[in-house]
Structure formats: C-alpha cells, structure tokens
Amino acid sequence: MRNRNSAIEAVIILNYLIADFVAGTIVFIDYRERYKLKKLSEIQLSAVERMCFSHLALSLFKLLEFWDRYHQLLPESHHADLKELNKKIRKKGVENFRNKVSGHILDKKSKKPLRPSEIMNFLEELIGEHADTFLNWINNPSNNTYPNTVVSIVETIRNSIAQEYGITEDEIINI
C-alpha cells in the first residue's frame, strides 16, 4: 500500500475533505447571519442547517473511511491524533446520523420516516450543546491550529503525506 499512487489518491481525498469541511461550516455561518438580518425565514434556515450538518456528518464519516483505507501512508507522528479524532467522530454518532438522518428516508427498523424529535436527538448527539462549538471544532477560520480542529488535522496530514512522497500541487490538481 505504501506507494506513490496511493499517496496521490490520499492527498486528493484529503483536499476534498478540507474543502467540504470549510464549505459546510462557512455556508451555515453565512446563512445564519442572513437569518439574523431577516433575509431568510426560519424554515429556510432550517433547510440550510439540515443540508450543512448532513454534509459535515458525511464528510466526517469519509474521514473514518480514509483511515481504514490509507492509514498506512500516514507518518507515524500523526497516527495518534487521527485515531483520537476518529474516536470523537464515533462518539458524536456520525455513523448513526449518516445512516438514519442523512442517508435514508426511512428508518430500517421501523420502516417509517424519523419523527422530527428523533432527528433532533441525532442532531444534538452530533453537534453537542451548541452549534458554534461543533462548527469551530471542525473549522475555526480564526484559529485552525493543529491539532485543535478537524481542518487543521486533515491539512497537516495531507501536507505530511505530500511532503513524504514528493507530491506536487500539479499532480493533485491536474490529474
């Protein structure tokens, strides 16, 4: 598995994940500001919230999949940080959120749609007590320092893999 082509794949995947984490957080923050300025209704903000948090949950789940497929490429110095991040992702119920809220219209057990209260329970497990804490954990534009945010961890790992395998920007953008 430790070959350059796999490393290029890994860097491309991490680039997309960084973009997805940034987009999911920034879009929600931007639309919440529009709502505060009375440019959006509560129903519109709720739709954006569902879209952003579903997008972020899917992206977090992809990071778990990334570990399963590409962890051998990571420099040993980053294994502990990504393992710890993966524990937090699992603890937040990302897989359940993906499977029950974002990925399907019916609950597999009941064969019925989830009630709004059930969706809120999954959302609360995902984001915790406050949306801003969750968003800043993923992407804090004013303080994305390693290893305090998901974005900082993913960027650092991407950069380390690229450096270790001598991957150039041209190889990941123009492939």
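A residue counts as buried when its relative accessible area is under 20%. The structure is a predicted model. This briefing covers the buried face of helix H6, several salt bridges and the position of lysine 83. In helix H6 (residues 131-138), the buried residues are Ala131, Phe134, Leu135, Trp137 and Ile138. These residues line one face of the helix, because they fall within an arc of 160 degrees when H6 is seen down its axis.

**Helix H6 and its surroundings**

- The buried residues of H6 pack against five helices, named here in chain order: H1 (4-36), H2 (42-70), H3, H5 (116-127) and H7 (150-164).
- Aspartate 132 also belongs to helix H6, but this residue is partly exposed, since its relative accessible area of 28% is not under the 20% cut-off for buried residues.

**Salt bridge between helices H1 and H6**

- Six salt bridges are found when the whole structure is searched.
- One of them joins the side chains of arginine 32 and aspartate 132, with an N to O distance of 2.6 Å.
- This pair connects distant parts of the chain, as arginine 32 sits in helix H1 and aspartate 132 in helix H6, 100 residues apart.
- Arginine 32 has a relative accessible area of 15% and is therefore buried, whereas its partner aspartate 132 is partly exposed at 28%.

**Salt bridge within helix H1**

- The side chains of arginine 34 and aspartate 30 form a salt bridge at 2.9 Å, N to O.
- These two residues are four residues apart in helix H1, so about one helical turn separates them.
- Arginine 34 is partly exposed, with a relative accessible area of 33%.
- Aspartate 30 is likewise partly exposed, at 34% relative accessibility.

**Salt bridge between glutamate 118 and arginine 115**

- The side chains of glutamate 118 and arginine 115 meet in a salt bridge with an N to O distance of 3.6 Å.
- Glutamate 118 has a relative accessibility of 25%, so this residue counts as partly exposed.

**Lysine 83**

- Lysine 83 is part of helix H3, which spans residues 76-91.
- Helix H3 is one of the helices against which the buried residues of H6 pack.
- Lysine 83 itself is partly exposed, because its relative accessible area is 45% and the exposed class begins over 50%.
- Between lysine 83 and glutamate 49 there are 28 Å in space, C-alpha to C-alpha, and the two are 34 residues apart in sequence.

Definitions and conventions
Residues numbered from 1 in each chain as written. Predicted model: local features only at pLDDT ≥ 70, side-chain atom pairs only at ≥ 80, totals over all residues. Heavy atoms only, no water. Buried < 20%, exposed > 50% of the residue type's maximum accessible area, 1.4 Å probe, protein only. Arc of directions from axis to C-beta. Contact = heavy atoms within 4.5 Å. Salt bridge = Lys/Arg side-chain N within 4 Å of Asp/Glu carboxyl O.
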